[in-house]
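Trainee: Hey, got a minute to walk me through this one? I'd like to start somewhere specific and work outwards.

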Amino acid sequence: MAQSFDRSFDVCIRGAGIVGRTLALLLARERLSVALVDSAGSRASSHSDVRAYAMNVASREVLQSVRCWPEAEHATPVLQMQVHGDQGGSVTFDAGRQHAEAMAWIVDVPALEQRLADATRFQSLVEVVSAPVSAPLTVVCEGRASKSRSEFGVEFDTTAYGQTAIATRLRSERPHSQIARQWFTPDGSILAFLPLEGPEGNSVAVVWSIPQEQVTQWLAADDVAFAKKLQALSENSLGTLELAAARASWPLQQAQARRWCGTMPQADRESTNAPHWVLAGDAAHTVHPLAGQGLNIGLADASALARILSERPTWRSVGDMRLLRQYERERKSALLPLGTTMDALQQLFARQESPLQALRNWGMRRFEMSGPVKEWVARQAMGLQPPAKR
């Protein structure tokens, strides 16, 4: 990795995470020259990362298109998703009903990051640099704590949920059977088990969203007590559980930038050739992880931006504000219903009043029997197009 002074670039991408590297490869495929800023150095070699992502069909297709989909042992297909309420309500989504190979794939973060790091290293049109360089377009993919977004004076409207996510890995007595499981519990927490290590695996990634006042207790609890708590909350669905990794945690919030594009600071705003910036991924938006859609939304950002730039007339700059505003409108429109739904569900299940508990579980049972509505929601989450009319 080096700072380049003698090469001109079409696009500078600030942030070398999954979204930033995927975007770099998508743009290079369109013959655009990309500077990828990795100021902190690659994290691809970190094997202690306990994170795992639920990747939908659309995200898989994007990663396959740049030859970065992980090997089978690092991408477990989910055949069924089971969601359990706190008073008997439940909803089940099944890949077979959608005539799909899987509802989603649970992907190990280190494996995916390594594939992307290897691909960008061998892509001649992508140069990894240690600091931002000049380019007609700068794309900010630095995550929710983006320094560039602050530098550009963009307000980031944030709703804190008063919850923290604890992530880890578990070994289970019984195999996961390729089922992703989620429980909304009476105390307002949300527990998710995501299947790992292939179809016959006995390992799950855990995301446990808990009220802030419980965080200190459960981060400090010994491994046995922690595993027993999750075993009880998961209704013994996988038998005896054993902690298989360290615990990581982060506060939960919903947030969105007020502006997603603009003119670079110190640039001549009246010039037709002024360089511009645009936001993508968590630098532009974050949602609650209860539906596992955060990275899917970020990769959809990358795919949309790459498509819009590839379809531009040859005479139009990649930094043309018309293109960037088109991207902003398209992605905000796509994000609105999902973000609103995730926020509403979180707010509903965070309440512990008995009438609300009964109402939401009644709603889950009604939704389970809703037919076309349930199928539409499933296809949206899977990143599938509506079925063709006959």
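Mentor: Sure. Let's start just past helix 6, which is followed by Glu235, a residue with a positive phi, near 60 degrees. Keep in mind that this is a predicted model.

Trainee: OK, and what caps the N-terminal end of helix 6?

Mentor: Asp222 does that job. One of its side-chain oxygens lies 3.0 Å from the backbone nitrogen of Val224.

Trainee: Which residues of helix 6 are buried?

Mentor: Helix 6 covers residues 223-233, and its buried residues are Phe226, Ala227, Leu230, Gln231 and Leu233. Looking down the helix axis, you'd find them within an arc of 165 degrees, so they line one face of helix 6.

Trainee: Is there a general reason for that kind of spacing to work?

Mentor: Yep. An α-helix has 3.6 residues a turn, so residues three or four places apart point the same way.

Trainee: And what's exposed on the other side of helix 6?

Mentor: Val224, Lys228 and Ala232 are exposed there.

Trainee: What do the buried residues of helix 6 pack against?

Mentor: Quite a list: strand 10 (156-172), strand 11 (179-184), strand 12 (190-196), strand 13 (203-211), helix 5 (215-220) and strand 14 (241-243).

Trainee: Switching topic. Helix 1: how many of its residues are buried?

Mentor: Eleven of the twelve, so helix 1 is largely enclosed by the rest of the structure. The buried ones include Arg21 and Thr22, along with Leu23 and Leu27.

Trainee: How far does helix 1 reach?

Mentor: Residues 18-29 reach 17 Å from first C-alpha to last, close to the 16 Å expected. After helix 1 comes Arg31, with a positive phi near 70 degrees.

Trainee: You mentioned Leu27. What does it contact, leaving aside its neighbours within four places in sequence?

Mentor: Leu27 is in contact with Val11, Ile13, Leu32, Val34, Ala306 and Leu309.

Trainee: How many residues are in the largest nonpolar core?

Mentor: That core has 63 residues, and Ile13, Leu23, Leu27 and Val139 have the most contacts inside it. Helix 7 (residues 294-310) gives the most to this core, with nine residues. Apart from it lies another core, of 18 residues, with Leu233 among them.

Trainee: Last one: what about the whole chain?

Mentor: The protein chain has ten helices and 18 strands. Of its 390 residues, 53% count as buried. Among contacts with a separation of 6 or more, 75% join residues 24 or more positions apart.

Terms used: Residues are numbered from 1 along each chain as its sequence is written. This is a predicted model: local features need pLDDT of at least 70, side-chain atom pairs count only at pLDDT 80 or more; totals for chains, interfaces and linings use all residues. Side-chain values use heavy atoms; hydrogens and water are left out. Helices (H or I, at least four residues) and strands (E, at least two) are DSSP runs, numbered from the N terminus. The expected span of a helix is 1.5 Å times one less than its number of residues. Buried means under 20% relative accessible area, exposed over 50%, partly exposed in between (1.4 Å probe, protein chains only). Contact means heavy atoms within 4.5 Å. A nonpolar core is a set of buried Ala, Val, Leu, Ile, Met, Phe, Trp, Tyr and Cys residues joined through side-chain atoms within 4.5 Å. The arc is that of the directions from the helix axis to the C-beta atoms. A polar contact is a pair of N or O atoms within 3.5 Å; within protein, one must be able to donate a hydrogen and the other to accept it, and residues adjacent in sequence count only if both atoms are side-chain atoms.
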